[in-house]
Amino acid sequence: MSYRQAKWSEPTVFELARHGAVGVDFPELDEELKQALDEVLNEIPEQLKRRELNFLELSELDVVRHYTRLSQMNFGVFSGMYPLGSCTMKYNPTISEEVVSYEEIYNCHPLQPVETVQGCLEIIWRLEQILKEITGMSRFSFQPAAGAQGEFLGCLIIRAYHKDKGLDYKNVMIVPDSAHGTNPASATMAGYEVKVVKSDEDGCVNISELEKIVDKRVAGIMLTNPNTLGLFEKNIEKIVDIIHSVDGLLYYDGANLNALLGKVRPADMGFDIVHLNLHKTFSTPHGGGGPGSGPVGVIDKLVDYLPSPLINYDESRNFYYLDYDRPKSIGRMKMFYGNFTVLVKAYVYLLRMGGEGLRKVAESSVLSSNYLLHKVKKLQGVTLPYAPESYRKHEFVVSLSKLYKETGVSARDVAKRLLDYGFHAPTIYFPLIVDEAFMIEPTESESKREIDAFYDALSSVINESYKDPEKVKTAPHNTSIGRIDEVRASHPKTMIPSWRVYVTRRERL
Ligand SMILES: Cc1ncc(COP(=O)(O)O)c(C=O)c1O
């Protein structure tokens, strides 16, 4: 049943090391080099010289097996389905990796004179033209290294705009209760007071609640559409009118744009600012703390406030250049042009997909999500809160609170048990407005066979929850590490050092 054979019980490199084992042969030093080395060594004071060097001695095969074993202990989108709702983990095409490994891309340095990096600037400029077309925005900044940083930038732009217009009393940002946690955090960091607007029974923004909290102090609203329940805000035009009527701006959290690609554009819905997560929607996998890219796009009236530099093209000279001469710019968000290789991967992906391909992404992501939802919502102990009869977009959120009441098995337990079946757990306990939330996004990358296999695994775990709840509550059983104390594991002060996890696990085995 286990997809990962690697166990902590297997010997570590420390245990594998043995005196005399050799992995690499170094060539003999020639006389000239030996002499030069001696001269350098003689200059180092005796008391600073190391007396012994305890490197591990291992054969090449030991080392290769060690790293292969470590890689098998990990789970990634290359190992199996990763249905992490709202944190899309979809396939990153190999061609994107291939292109970023070209010497011209990875050897290029941001401090090179612009004449020598024309190709790189052209890639960013061309990527911008495509994103403008997809979103309807006027210009983009590629500096933000993550979605959350994009949100923060968006809030700073809203502040700068209102200040410029003499409206600096505007200090309230509205965020729906279904929002991603980074939204209120970014608004707070930018100095706003956050007001939460409740969702209706249909999962969308409650318009009368919104009307109650909107006044002249409101600087804007941050919205995800489709929202984190996977539902399209059907009153979006009304919301736009309400916010614009008090000179507020609409911020579009476009972290997950896959459902709308080529179908609807944020600018056409009435949004003024958008961030996209290139490391989710446009091919680079999200997660693991790796480099990301959260470009921010704005409509015409906000272009002046974007960070500097912007990359411009002078057609008469066929020359790309960096424009720093932008007095209203909010300044820099990050050094240079952002995470360039993520931009290249997104550009490759977009070129390969083309307009028609992107529309298919939207259709497949929505179809996959509704196909799976249709099956999952019929499982015992599973309910679909908010508009149970409505279709979802690219993801959906079910509640496992019935299962919890009937068996004592929580959403966390089900998520852990799924790991034993070879699936990464879906997102759990988010959005906060769903009890025992279980948020699933199959993504457009997965085949029907894989989605069915995920459903079968989930269905087995639910059955086990009724027949043998202890088995589910103590899962995972087949992974490298068993269940750890999540609070201690993630809190820096009480964090268990990894060697302690190792020892604890090994002692149990
Ligand atoms: C809806 C939404 N907004 C914002 C973010 C934040 O993006 P990042 O993790 O790149 O900061 C995410 C991330 O998963 C998200 O799903």
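In what sense, and over how many bridges, do strand E8 and strand E9 pair? In this predicted model, strand E8, which spans residues 310-314, and strand E9, which spans residues 319-323, pair in the antiparallel sense over 5 bridges. Within this pairing, Asn 312 stands opposite Tyr 321 of E9. The two strands E8 and E9 form a hairpin in which 4 residues lie between them, and Asn 318, a residue of the turn, has a positive phi of about 50 degrees.

The segments on either side of the hairpin also carry backbone features. A cis peptide bond, with omega of about -5 degrees, joins Ser 308 and Pro 309, and Pro 309 is placed in the loop between strand E7 (296-298) and E8. In the loop between E9 and helix H12 (340-376) lies Phe 336, for which phi is near 55 degrees, a positive value in a residue other than glycine. A further cis peptide bond runs from Ala 475 to Pro 476, with omega near 5 degrees; Pro 476 belongs to the loop between helix H16 (469-473) and helix H17 (486-490).

An open sheet of 3 strands was also identified, with the order E10-E12-E11 and antiparallel pairing. Its edge strands are E10 (396-399) and E11 (427-428), each of which pairs on one side only. The pairing of E10 with strand E12 (residues 437-440) is antiparallel and extends over 4 bridges, and the bridge partner of Phe 396 in E12 is Ile 440.

Two helix pairs were examined for their packing. In one of them, helix H7 (residues 147-164) and helix H8 (residues 182-189) pack at an angle of about 45 degrees, with their axes 8 Å apart, an arrangement that makes H7 oblique to H8. The crossing in which H7 passes H8 is right-handed. On the H7 side, the contact is made by Gly 147, Ala 148, Glu 151, Phe 152 and Cys 155, and these meet Thr 182, Asn 183, Ser 186, Ala 187 and Met 189 of H8. By class, the contact of H7 with H8 comprises 5 nonpolar, 4 polar and 1 charged residues.

The other pair consists of helix H14 (residues 411-420) and helix H15 (residues 448-467), whose axes come within 10 Å and cross at roughly 125 degrees. Because of this angle, H14 is oblique to H15. The crossing of H14 and H15 is right-handed, as is that of H7 and H8. From H14, the residues Val 414, Arg 417 and Leu 418 meet Ala 457, Leu 458, Val 461, Glu 464 and Ser 465 of H15. The residues of this contact between H14 and H15 divide into 5 nonpolar, 1 polar and 2 charged.

As to overall organisation, the domain assignment of the protein chain gives domain 1, covering 13-72, and domain 2, composed of 76-93 + 133-307 + 360-479. The centres of domain 1 and domain 2, taken over C-alpha atoms, are separated by 49 Å.

How values were computed
Residues numbered from 1 in each chain as written. Predicted model: local features only at pLDDT ≥ 70, side-chain atom pairs only at ≥ 80, totals over all residues. Axes fitted to C-alpha atoms, helices over the stretch in contact; angles between N-to-C directions. Parallel < 35°, antiparallel > 145°, perpendicular 65-115°, else oblique. Left-handed = near helix turned anticlockwise from the far one by under 90°. Contact = placed C-beta atoms within 7 Å. Nonpolar A, V, L, I, M, F, W, Y, C, P; charged D, E, K, R; others polar. Pairing = 2+ DSSP bridges. Domains from an automatic or database assignment.
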